[in-house]
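Colleague: I have a new model open and would like to talk through its side chains with you. Shall we take it one question at a time?

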Amino acid sequence: VSERAGQIDPVLIGVVDQGLHIDDSRILPIAWKNPGPLESFGPDDDLKMVKDDTYGFNFVKNSNDLYFPGATFNHGTYCSSLIGGRSNNRKDDVLGIAPRARIVSAVVLCNDPNDPDFGKCDTKTILLGLEYVVRRGAKVVNLSLGGVEKPEELAEENKIPLWDWLEQQGVLLVTAA
């Protein structure tokens, strides 16, 4: 896959996680930039509007804030740099596995370290993030998420129509295990 992915310029990869620290000069070159507004969005009939999604969208805060400024660590930035990091001629550069990739970010995990829900998410928010990055053009989506679910909850989630839609779109989901 990485051999073929490297031939597409630029590869658009969705990172559904904790955000993207776009003020970092090593991250900005890999960030996808919105060419124009997405008029309607949402897995249900209410077609939630997503506005001002310059580099992605924060579905936890319903805003375009992709990272919490006071946080010293952001898991989405970490994953994005491993995926698309490239040389900027700095000694602290991280070279990723797909250095020509662009990252479209969907924040689905609380990224405020002062919030008691830091690092937590819910299924609905994850699904919104997934649909968002795919509607933006990502054919590969990274989901480095974890948690514990009961078998009956997982069985219900497997019935969600979005999974079939993602398959019809030819999307590859890369998950943490």
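Colleague: Which residues does Asp 53 touch, leaving out those up to four places away in sequence?

Modeller: Happy to help; keep in mind that this is a predicted model, where local features need pLDDT of at least 70, side-chain atom pairs count only at pLDDT 80 or more, and totals for chains, interfaces and linings use all residues. Residues are numbered from 1 along each chain as its sequence is written, and side-chain values use heavy atoms, with hydrogens and water left out. Contact here means heavy atoms within 4.5 Å. With that exclusion, Asp 53 touches Trp 32, Asn 34, Asn 64, Tyr 132 and Arg 136.

Colleague: Is Asp 53 buried or exposed, and which side chain makes a polar contact with its side chain?

Modeller: Asp 53 sits in the loop between β1 and β2; helices (H or I, at least four residues) and strands (E, at least two) are DSSP runs, numbered from the N terminus. Its relative accessible area is 2%, so Asp 53 is buried, given that buried means under 20%, exposed over 50% and partly exposed in between, with a 1.4 Å probe and protein chains only. A polar contact is a pair of N or O atoms within 3.5 Å; within protein, one must be able to donate a hydrogen and the other to accept it, and residues adjacent in sequence count only if both atoms are side-chain atoms. At 2.8 Å, the partner of the Asp 53 side chain is the side chain of Asn 34.

Colleague: Which element gives the most to the largest nonpolar core?

Modeller: A nonpolar core is a set of buried Ala, Val, Leu, Ile, Met, Phe, Trp, Tyr and Cys residues joined through side-chain atoms within 4.5 Å. The largest has 23 residues, and those with the most contacts inside it include Val 16, Phe 59, Val 104 and Tyr 132. At least two residues each come from β1 (12-17), β3 (102-107), α3 (123-135), β4 (140-143) and α5 (161-168). The top contributor, with 7 residues, is α3.

Colleague: How many residues are in the other core that lies apart from it?

Modeller: Among the members of that other core are Tyr 55, Ile 83, Ala 98 and Ala 101. Tyr 55 is also one of the residues touched by Val 104. The size of this separate core is 16 residues.

Colleague: What is the N to O distance in the salt bridge of Arg 26 and Asp 24?

Modeller: Side chains of opposite charge can pair when their charged atoms come close. The rule used for a salt bridge is a side-chain nitrogen of Lys or Arg within 4 Å of a carboxyl oxygen of Asp or Glu, and the count comes to 5. Arg 26 is partly exposed at 25% relative accessibility, while Asp 24 is buried at 16%. Their N to O distance is 2.7 Å.

Colleague: Which residue forms a salt bridge with Glu 156?

Modeller: Glu 156 is partly exposed, with a relative accessible area of 48%. Its partner counts as exposed, at 60% relative accessibility. The closest N and O atoms are 3.1 Å apart, and the residue is Lys 159.

Colleague: What is the phi of Asn 62?

Modeller: Asn 62 lies in the loop between β2 (56-58) and α2. Asn 62 is partly exposed, with a relative accessible area of 48%. Although Asn 62 is not a glycine, its phi is positive, at about 55°.
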